Each structure stands twice: as structure tokens, then as C-alpha cells.
Amino acid sequence: MPNQFHIQDWVRVKNGEIFNSEGLVFESSEDKLNPFLKAAYDCFKLEYPKFHKMDGLSKLGILASEIIFRKNKPTEDTALVISNNASSLEIDRQFQESTETFASPSLFVYTLPNIVLGEISIKYKVQSENGFFISERFNAQLLKNYTESLLLSKKAPEVLCGWLDLQNGEYDVFLCLVSKERNIPFSEENLRKLYCAENDKPTH
């Protein structure tokens, strides 16, 4: 039986580089998180001032989503399914440090990992199902099963799913858009291949 769902498009963000199905779309000599995010923001002309007030995880989520949604305009029914290992630990640490002087409300807002789903939903006017899962490592089976359940139950016509991790300034992002649009068959094997392809490259 042919696979009825396909990976319509994908994006990979790691080590100062952004790849998608067309190849390398952005490269920065500065792979540290904040300078990299600023350079990417300027390059893609995001023109979304709220971006600068977000935590690093949300910025990565918006940036990766933008790469996909520029070519594949989402609808309000596009679902979001994202996973990572570190939860919101990066901003949790910053908030904890702020409590030693004055607990920062602007940091506290981001001390839940699923806030990134809200930020993506707000920017792209998405109002569908969403879920954020914590896994020890990239779990293709989890992403495939949950994404397929949403598509098969017709709760969403397409799903943006993937891995969005940030730990100690090290970022590791892989998102893909899954729908019935024919392209790469949606399978655990293909998810792993796309995720691992850039992991196998030497770092700067």
C-alpha cells in the first residue's frame, strides 16, 4: 500500500547553517546562538519586532517555521507537533539567576517548552491541534505516530513536526511539513535520514 502522507518540505538549523529541501539557504561565520539568530533574522527580513523579545527556543521555532511557511503557506488548521530533550531548561536557568536580584517576568513567560507552539501559532495564525513532547533523543517513531494520528483522524490537513532543542547555547533544529502533497514518503526511516544527514557533517 503506497504511503498516503509525505514530507512536503523540511528545514535543518545547526552549527550556523540552515538547510532545506533546496540545499544550503543560509550560512553564518558566527554560530553562537544570538549573533546567528540576528544574522538570520536580517537575512530573511522577518520584520517581526516581537522576535527580539522571545527566548532562544521560540526564536529558533519562528525562524525554522518561516523557512517552511514562506513556500508552504499554513492554514489555521495546520497542526504543530514538536519534541526536544532539554524542555525549556535554557531559559529556566536564566530565570533562576534573575531571582537572585529581581525575578524577571519577561523570562518567566518562557519557562514552559510549549510556549514556542504558542508563538508560532500567533505569528502564523494557526489554531489547530498542537503537542510538545520531551524525549531523550530524536524520536522518529513518536513524531510519526502522533502526526499520522492527527492526519488520519482529519483533525488537521497538514502537520509541522520535528525536533527543536537548545542546551547551553547549542541548538539542534529539524522541522518538516507533512501532508498528502506528494514528495518524500513520510516514514520513520526518512525522518531519521533527514535529521541525521546534517548531524553527520563536521562542525566548524
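This is a short tour of one protein chain, moving from the whole fold to a single strand and its two neighbours.

Begin with the entire chain in view, keeping in mind that the model is predicted. Coloured by secondary structure, the protein chain shows seven helices and eight strands. Of its 204 residues, 52% are buried, and the surface that the chain does expose comes to about 10,300 Å², with carbon and sulfur atoms supplying 50% of that area. If you display contacts between residues at least 6 apart in sequence, 69% of them join residues at least 24 apart.

Next, select residues 79–84, which form strand 4. Six of the six residues here are buried, so strand 4 is largely enclosed by the rest of the structure. Turn on the side chains and look along the strand: Ala79, Val81 and Ser83 point one way, while Leu80, Ile82 and Asn84 point the other way. This is the pattern to look for, because side chains in a regular strand alternate between the two faces of the sheet. In strand 4 the residues pointing either way are all buried.

Now add residues 159–167, which make up strand 6 and run parallel to strand 4, joined to it by five bridges. To find one of the paired positions, select Leu80 and then Leu160, its bridge partner in strand 6.

Finally, bring in residues 130–134, strand 5, which also pairs with strand 4 in the parallel sense, over five bridges. Here the position to centre on is Val81, which stands opposite Gly131 of strand 5.

Technical notes
Residues are numbered from 1 along each chain as its sequence is written. This is a predicted model: local features need pLDDT of at least 70, side-chain atom pairs count only at pLDDT 80 or more; totals for chains, interfaces and linings use all residues. Side-chain values use heavy atoms; hydrogens and water are left out. Helices (H or I, at least four residues) and strands (E, at least two) are DSSP runs, numbered from the N terminus. Buried means under 20% relative accessible area, exposed over 50%, partly exposed in between (1.4 Å probe, protein chains only). Contact means heavy atoms within 4.5 Å. Accessible areas come from the Shrake-Rupley method with a 1.4 Å probe; for residues, only the protein chains shown count as cover. Two strands pair if DSSP finds at least two bridges between them.
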